[in-house]
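Dear colleague,

Please find below the structure that I am handing over to you. I would be grateful if you read the notes beneath it with the structure open beside them.

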Amino acid sequence: MESVTTTIQCMGIKDSCNKKKIFQGGKSKIIEFQVKYENSDEILNFQTTQSAINKLISELKKEIYSINLPISNYSVTSSSALQDINLLCQCISSTPKIQRSLSFVNFIETENNLSVSSTFIYDFIKNSDISGVLLKTKNNNKRTKKERLCVIKYSRVLYYFSETGGSSTDINSTEIKKKRCKGLKFLDDCKIIEKGDNYFQLKTSNNETYVFTTPTNEECDRWVTTINNCIDFITKSTYRVSGQVQGSVVKARNLAAKDLNGKSDPFVIIKAEQQQHRTQTIYKSLNPQFNEAFHFDITKHQGYVYFFVWDEDKFKTADFMGEVALPLSLLPANGTEISLWLPLSPRNSKDKVSGDIMIKIRYFFSPDQIEVSPTSIYGNSLEAIAKNRPEICKNQVPIILYQFIEFFEQHLNEEGLFRICGNSTEIKFVKNQINTDTQITFNPSSVHAYAGAFKLFFRELPEPLFTFTINNNNSNNNINNNNNNDDDQYDNLINLAKKSIELQPLIEIIKTFPTSHLNVLKLLLPFFGKIAANSKSNLMNHSNLSIVFGPSFLRVKDESHVNLMEMILVNDIAKFVFENSQQILKSI
């Protein structure tokens, strides 16, 4: 904080109703503070614990040489607890060096964020379609039976929260502020397969089943009615649109510590359809400020914008820190910008996740029911274009791709090439010109619009460049073709990335691509190499290119929430292909 603290005052010590302490025969205590700033009307009120106070004392001693504090160790249960904490507050308020110290600034920021976050959780749960404490059992496994506070938000997402921090099950209780999000389930493609007197069974899109036991039969009826209404709402929200979602990731707070220094190096990946954006990494922070914009084209109104927080690690794959899924159907249709704090959710019970993320977002759209013509360039497969329109192809590759690349090679130093969003109206105009065989005159002032049209071509391919299935005519004995799963090509590549990616097995997989796909790859890889070679000016290295093109080049046929968690692996595969393009081209 930029302001200098003028006073920090202890407002009292009180008991905290902590479930674990109650079972141990005692109660924990919390200390209440008020902080005022010089030349500011801002007043912060927050609560903290004995351990946080002792951590502050320890860090102040390390940061400020020869500091003289009135206490060296604080005990909230001692007879002089209130006197000791008041002496510490007086010392801090009268010592500008302490007020400006990083230790104290971080202490105020962290503890205040925790208090604000608690109030936010209360409001988040209160403003829901339905909420209540249910007994949840997964796949009829008794070991998974847990009591959870369940909440349906946006008529699309089922959140469940822990009972940690209080025994109260009342939605209006202040103890609800201490609850932590333990996961979420999307109601898309869900259905209730069984209902009893005080329970119902829900089947999810990935064939998991959950039995929810309610306190009463009336409560069960209310949950079943609400879920059926949500499923009906999702059905009505399923249609194609021509739209855009714009916004920014503002900041996050109270993130989990992933590093040995008690901090993390968080970054956020935002994803919508086959597009994604990666923020910069904020190093050594649990309360990062991002303030980074994103912009995506939208074709499915029933879709989501996903926010995945990761901890960067130089020596291994990034650590997962939490996720948020925001339904587009929630957002105002008139493009009004809204600001939201959203709780981060874990993928499973093993994830260490905490904190919230703040975003600003707005959504424009209009219904789009235009069917793809068999003669269109956009929206048809590479094989279909080569078969139906051979006159506009060269080596089974649409000539327009050659023209695009020739134009881009004149602008290799353009900052943010393929990363900066072009004007959506211009992109649609270029797409229409290409689909109607209109001769295109490339305008250097619209390079980002042409880049957007280039990316759109690959996003709209019904069969991605890295195909869904193995082409048995091109495959060899090094690839297992006995798997009849439609997504086996994707699975082969993901399984390869889960280990350490090796070049030769990757080449053997690429060799199974159809000829038209291989020819496009032969065109793209040298071009991407030229872009990366000029990354000092265009800021587009292999990693940035993989973030832009990875999701459209490699995707699963029927995307699920599990596949979304594999985006880091998808980016790693694309990056590896781009970095090793010369060896790959020699082999295919």
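The notes that follow describe two sheets, several helices and the nonpolar cores.

Please keep in mind throughout that this is a predicted model.

**The sheet of seven strands**

In what order do the 7 strands of the open sheet lie? The order is S7-S6-S5-S4-S10-S9-S8, and the pairing is antiparallel. At the edges are strand S7 (181–186) and strand S8 (191–195), each of which pairs on one side only. On average, neighbouring strands of this sheet are turned by 35 degrees against each other, with direction ignored.

Helix H5 (residues 102–126) packs on this sheet and touches S4, S5 and strand S6 (157–161). The direction of H5 makes about 135 degrees with that of S6.

It is convenient to go through the pairs of strands in turn. Strand S4 (residues 130–138) and strand S5 (residues 146–153) run antiparallel and are joined by 7 bridges. Within this pair, Lys-136 is placed opposite Lys-146 of S5, and Val-133 is placed opposite Leu-149 of S5. Is S5 mostly covered or mostly uncovered? S5 is mostly covered, as 6 of its 8 residues are buried.

On to the next pair: S5 and S6 also run antiparallel, with 5 bridges between them. Here Cys-150 of S5 has Tyr-160 of S6 opposite. The two strands form a hairpin with 3 residues between them, and in this hairpin Tyr-154 takes a positive phi near 60 degrees.

Towards the other edge, S8 is joined to strand S9 (residues 199–203) by 4 bridges, and the two run antiparallel. Lys-191 stands opposite Lys-203 in S9. The hairpin that joins S8 to S9 passes through 3 residues. S9 in turn pairs with strand S10 (residues 209–213) over 5 bridges, again in the antiparallel sense. Phe-200 has Phe-212, in S10, as its bridge partner. S9 and S10 form a hairpin with 5 residues between the strands, and Asn-207 in the turn has a positive phi of about 65 degrees.

As you inspect these strands, one general point may help you: in a regular strand the side chains alternate between the two faces of the sheet.

**The sheet of four strands**

A further open sheet has 4 strands in the order S14-S11-S18-S17, with antiparallel pairing. Why is one side of strand S14 (289–300) and of strand S17 (338–343) left without a neighbour in the sheet? These strands stand at the edges and have a single partner strand each, so one side of each has no neighbour there. From one strand to the next, the twist averages 25 degrees.

Inside this sheet, strand S11 (residues 240–253) and strand S18 (residues 356–367) run antiparallel and are joined by 12 bridges. One of the bridge partners is Ile-357 in S18, which is matched with Ala-252.

**Helices**

The axes of helix H13 (residues 515–533) and helix H15 (residues 542–553) come within 10 Å and cross at roughly 150 degrees. On the H13 side, the contact is made by Leu-524, Phe-528, Ile-531 and Ala-532; on the H15 side, by His-542, Leu-545, Phe-549 and Phe-553. By class, this contact of H13 with H15 has 7 nonpolar residues, 1 polar residue and no charged residues.

Helix H17 (residues 567–579) has 13 residues and reaches 18 Å from its first C-alpha to its last, which is close to the 18 Å expected at 1.5 Å a residue. Of the 13 residues of H17, 10 are buried, so the helix is largely enclosed by the rest of the structure. Among the buried residues of H17 are Met-567, Ile-573, Phe-576 and Phe-578.

**Nonpolar cores**

Which residues have the most contacts inside the largest nonpolar core, which has 67 residues? They are Phe-404, Phe-408, Phe-418, Phe-454 and Phe-466. Leaving aside its neighbours within four places in sequence, Phe-454 is in contact with Tyr-378, Leu-401, Phe-404, Ile-405, Phe-408, Phe-418, Leu-524 and Phe-549. Another core, of 54 residues, lies apart from the largest one and includes Phe-161, Tyr-304, Tyr-306 and Phe-307.

Yours sincerely

How values were computed: Residues are numbered from 1 along each chain as its sequence is written. This is a predicted model: local features need pLDDT of at least 70, side-chain atom pairs count only at pLDDT 80 or more; totals for chains, interfaces and linings use all residues. Side-chain values use heavy atoms; hydrogens and water are left out. The expected span of a helix is 1.5 Å times one less than its number of residues. Buried means under 20% relative accessible area, exposed over 50%, partly exposed in between (1.4 Å probe, protein chains only). Two strands pair if DSSP finds at least two bridges between them. Axes are lines fitted to C-alpha atoms, for helices over the stretch in contact, and angles run from 0 to 180 degrees between N-to-C directions. Contact means heavy atoms within 4.5 Å. Ala, Val, Leu, Ile, Met, Phe, Trp, Tyr, Cys and Pro count as nonpolar, Asp, Glu, Lys and Arg as charged, and the others, Gly among them, as polar. A nonpolar core is a set of buried Ala, Val, Leu, Ile, Met, Phe, Trp, Tyr and Cys residues joined through side-chain atoms within 4.5 Å.
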